[in-house]
Amino acid sequence: MSFSVAELQSSYEQQGFLSGLPVLSEVELQEAREAFGRLEKEFGEEYTQYSLHNVHLQFEWVMALAKHPRVLETVRAILGPDVILLDSRFICKYPALSNSTSSRLVGNNITTDTEQKGAPWYKDRNDGTAQTGQQEKPEQIPFVAWHQDMRYWGVAGGPVLSVWLALDDSLEDNGALQVIPGSHSSGLLPHQKSPRPGNMLSVNQEIPEHLVQVDKAVLCPLLAGQMSVHDGLLVHGSDPNLSGRRRCGFVIRFVPTCAYPIQDPDRPRRFNATMLVCGNDKFRNFLNSSLKL
Ligand SMILES: O=C(O)CCC(=O)C(=O)O
């Protein structure tokens, strides 16, 4: 079923997100997955899990995903004709239970009594020391705590829109994105340091649970090659990947050219990979945004 631009705009305005939008052809998807696989081989899964940040500047195939005509068509419909790519990142949750014969789940933790191999989260995130071979040591499984992107993006003057483009099927069992529809209308909510181990977010932030309408949460299941988009104020997060399958997504942030970076010590984000991807930039608020590829 296809929707008119007006229907997409109206749904995004009311709900703060859209999901299940087709982007990549079979061939494009296969090429992107193969290219990502080469990065996994080169850098290792611990790195590709969350550290492929702004590599659209480095790899043509990543740039091609970021400015895919179907991505930009939707982004333009929501943000208007003049759009800057603000930032990009691969977020990849690897199967938590790849050696599941020797592991068991205890709540949100995994307890293991043999050496774990190939599970990149099997590290102490504080000191980077591998915890392999330790008996009965509970470890965390990566998840993404409830948060709003704007809480850590120092941007004003316009909305931030995030695209989540699936390179793998992203479903309930492998920790698909979840959103609280309409929560973008509540303004910026307080965040705290997450007390739960395993939060993938760089500053370990989360919205306290009593402020999140968890009973209203909606899953955004995607088939590989599809995308969801969400507003920077929408409350969202995702559960651990408890399946045997990888869940890899490419997240691309866009702003209209009228947006500008602000100096907020509470939101100390630097934007050094920006790029004009649609229209013209008469504002020149971002460092590289006059670059046009
Ligand atoms: O990949 C995830 O599970 C979370 C992604 C996210 O927080 C975002 O796209 O802003």
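**View 1. The buried residues of helix 5 in the predicted model.** Helix 5 covers residues 69-79, and its buried residues are Val71, Thr74, Val75 and Leu79. These residues lie on the same side of helix 5, because they cover an arc of only 115° around the axis. Their packing partners include two strands from early in the list of elements, strand 1 (17-22) and strand 2 (83-93), as well as helix 1 (5-15). The buried residues of helix 5 also pack against strand 8, strand 13 (226-231) and strand 15. After helix 5 comes Gly80, which has a positive phi near 100°.

**View 2. Val163 in strand 8.** Val163 is a residue of strand 8. Is Val163 buried or exposed? Val163 counts as buried because it has 26 C-beta neighbours inside 10 Å, and 20 or more are needed for that class. Apart from its neighbours within four places in sequence, Val163 is in contact with Val71 and Val75, both of them among the buried residues of helix 5. The other contacts of Val163 on this basis are Met227, Val229, Val251 and Ile252. Leu18 is 145 residues away from Val163 along the chain, yet the C-alpha atoms of the two are separated by 9.6 Å.

**View 3. The largest nonpolar core.** This core has 63 residues. Which residues have the most contacts inside it? They are Ile84, Leu85, Val163, Leu165, Met227, Ile252 and Phe254. Strand 2 gives the core its largest share, 7 residues. With neighbours within four places in sequence left aside, Ile252 is in contact with Leu85, Val163 and Leu165, which are also listed among the residues with the most contacts in the core. Ile252 is further in contact with Ala66, Val71 and Ser88.

**View 4. The shell around the ligand.** The residues surrounding the ligand are Ile91, Val144, Asp149, Ser162, Trp164, Leu177, His236, Ser238, Gly249 and Val251. Strand 8 (161-166), strand 14 (236-238) and strand 15 (247-256) are the elements that give two or more residues to this shell. By residue class, the shell divides into 5 nonpolar, 4 polar and 1 charged. Val251 of the shell is also in contact with Val163.

**View 5. Positive phi at Asn54 and Arg284.** Asn54 is not a glycine, but its phi is positive, at about 55°. Asn54 is found in the loop between helix 3 (45-48) and helix 4 (60-66). Asn54 counts as partly exposed, because it has 18 C-beta neighbours inside 10 Å. Arg284, also a residue other than glycine, has a positive phi near 55°. Where is Arg284 found? Arg284 is in the segment after strand 17 (275-278). With 11 other C-beta atoms within 10 Å, Arg284 is exposed.

**View 6. The whole chain and its confidence.** The chain has 5 helices and 17 strands. Of its 293 residues, 42% are buried. Among contacts with a separation of 6 or more, 80% join residues 24 or more positions apart. The pLDDT averages 85 over the chain, and 83% of the residues score at least 70. Over residues 99-138, the pLDDT is below 50. Beyond near neighbours in sequence, this stretch has 57 contacts in the model.

Definitions and conventions
Residues are numbered from 1 along each chain as its sequence is written. This is a predicted model: local features need pLDDT of at least 70, side-chain atom pairs count only at pLDDT 80 or more; totals for chains, interfaces and linings use all residues. Helices (H or I, at least four residues) and strands (E, at least two) are DSSP runs, numbered from the N terminus. A residue is buried if 20 or more other C-beta atoms lie within 10 Å of its own, exposed if 12 or fewer, and partly exposed in between; C-beta atoms are placed from the backbone. Two residues are in contact if their C-beta atoms, placed from the backbone, lie within 7 Å. A residue is near a molecule or strand if its C-beta atom, placed from the backbone, lies within 6 Å of it. Ala, Val, Leu, Ile, Met, Phe, Trp, Tyr, Cys and Pro count as nonpolar, Asp, Glu, Lys and Arg as charged, and the others, Gly among them, as polar. The arc is that of the directions from the helix axis to the C-beta atoms. A nonpolar core is a set of buried Ala, Val, Leu, Ile, Met, Phe, Trp, Tyr and Cys residues joined through C-beta atoms within 7 Å. pLDDT is the predictor's confidence in each residue, from 0 to 100.
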